[in-house]
Amino acid sequence: MASQSSKSASSSTSSSISISKYDYDVFLSFCREDVGKSFADHLYAALVKKGLNPFREATSASESSMSIEKSKVQATSASESSMSIEKSKAVIVIFSRNYAHFTSLLSDLVEIIRHGEATGKPIIPVFYHVDPSVVRKQIDNYGEAFAEYESNHEKEKVNRWRYALTVAGNLGGYVLHHGRYEQTFIMEITDSIYDILRRQHFGGDYLVGIDNRLEELMSLIGIGFGDVRMVGVYGIGGIGKTTIAKVLYNLISCQFEVVSFCQNVRERITRQVRQERQIHIPGLEDAIFHDLDEVFSMKSRKWMSK
């Protein structure tokens, strides 16, 4: 499993609706010629099936010989790519045989590493039939690309590309070699990124001092018994009822096809109903449910889109 540190995704809020600063769950960077119609496409489909919203970034071989007009288009595309990286909660970079032969991918990687170092954005490298040492040291096919760059590009830019590859090659990631089933490999990646984003979604990994209570709740829920159960958590305000419910949700939600976490439902609806009694507001019923803070998790969005 990939081990990545991540910071909780923050969001800007209005008085009634929580608005995330992210447009995408995952930014995918890959070489179209190597994996665009195979591995990357299958990974993209698996992420969508998991209920995530990925952004697909790809580069074709046509970038190698560009006119002035095409260069302007490339500059615009690079700006949009940088914005998409910023607007994504996490990044998956697929290093394949010819990845280093595309300068736009290397420039994207510089941005990806910059965001990772500055904000803690999770970065998961996938080494697709490429050893991590090849990426880290820029040898073999990657070395051939850089031998050309040394004579055709500014030294400072080349050094930035080398630095980004070195950092990425040292990150914990996934390595696919011949003989391993790609479907299983893809499932491991999607499960990992879903778990990372889920923990971001509810603000943290684990809290000290709640192990015994969690064990008790788990035994009451009885996952695997095949029945339907309702478990109540009660107590005075401020003792951590919602917190332990969120932690439990984080631990078990990946075992279900459709999940949701509804918080402070009674209080919020009561407040809205009181407002409705004072003045009629068109569309209030929709507003009530939009006002629920993160009512549906990533899995629920998948269910709602069906």
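A salt bridge here is a side-chain nitrogen of Lys or Arg within 4 Å of a carboxyl oxygen of Asp or Glu. By that rule Asp108, although buried, has no salt bridge. The model is predicted. It holds 7 salt bridges. This briefing covers charged residues with and without partners, two helix pairings, and some loop residues.

**Buried charges without a salt bridge**

- Asp108 sits in helix α4, which spans residues 103–119.
- The nearest side chain of opposite charge to Asp108 belongs to Arg114, 10 Å away. The cut-off for a salt bridge is 4 Å, so this pair does not qualify.
- Asp108 does have a polar partner: its side chain contacts the side chain of Ser81 at 2.9 Å.
- Lys121 is a second buried residue with no salt bridge. Lys121 lies in the loop between α4 and β6.
- For Lys121, the nearest side chain of opposite charge is that of Glu86, at 7.9 Å. With the limit set at 4 Å, Lys121 and Glu86 therefore do not count as a salt bridge.
- A polar atom of the Lys121 side chain lies 3.4 Å from the backbone oxygen of Ile85.

**Salt bridges**

- Side chains of opposite charge can pair when their charged atoms come close. Three of the pairs in this model follow, out of the 7 salt bridges.
- Arg56 and Asp41 join through their side chains, with N to O at 2.8 Å. Arg56 belongs to strand β4 (residues 54–59) and Asp41 to helix α2 (residues 39–49), so the bridge ties together parts that are 15 residues apart in sequence.
- Both ends of that bridge are partly exposed: Arg56 has a relative accessible area of 36%, and Asp41 has 31% relative accessibility.
- Arg160 pairs with Glu156, and their closest N and O atoms are 3.4 Å apart. Both residues are in helix α7, 4 residues apart, which is about one turn of the helix.
- Arg160 counts as partly exposed because its relative accessibility is 39%. Glu156, at 55%, counts as exposed.
- Glu188 and Arg180 form a salt bridge at 2.6 Å, N to O.
- Glu188 is partly exposed, with a relative accessible area of 27%. Arg180 is also partly exposed, at 35% relative accessibility.

**Helix packing**

- Two packed helices are described by the angle between their axes and the distance between the axes.
- Helix α6 (residues 140–152) packs with helix α7 (residues 155–170) at an angle of about 160 degrees. That angle makes α6 roughly antiparallel to α7.
- The axes of α6 and α7 are 10 Å apart. The crossing of α6 with α7 is left-handed.
- Helix α7 also packs with α4, at an angle of about 60 degrees and with axes 9 Å apart. These two helices are therefore oblique to each other.
- The α4 and α7 crossing is left-handed.
- Both helices of this second pair hold residues named above: Asp108 is in α4, and Arg160 and Glu156 are in α7.

**Loop residues**

- Pro122 is in the loop between α4 and β6, a strand that covers residues 123–128. Lys121 is in this loop too.
- Pro122 counts as buried because its relative accessibility is 1%.
- Pro122 and Ile112 are 10 residues apart in sequence, and their C-alpha atoms are 9.6 Å apart in space.
- His129 has a positive phi of about 55 degrees, yet it is not a glycine. His129 is in the loop between β6 and α5 (132–137).
- At 32% relative accessibility, His129 counts as partly exposed.
- Gln138 also has a positive phi of about 55 degrees without being a glycine. Gln138 is in the loop between α5 and α6.
- Gln138 is buried, with a relative accessible area of 9%.

Terms used: Residues numbered from 1 in each chain as written. Predicted model: local features only at pLDDT ≥ 70, side-chain atom pairs only at ≥ 80, totals over all residues. Heavy atoms only, no water. Buried < 20%, exposed > 50% of the residue type's maximum accessible area, 1.4 Å probe, protein only. Lys, Arg positive; Asp, Glu negative; His and termini not counted. Polar contact = N/O pair within 3.5 Å; in protein donor to acceptor, adjacent residues only side chain to side chain. Axes fitted to C-alpha atoms, helices over the stretch in contact; angles between N-to-C directions. Parallel < 35°, antiparallel > 145°, perpendicular 65-115°, else oblique. Left-handed = near helix turned anticlockwise from the far one by under 90°.
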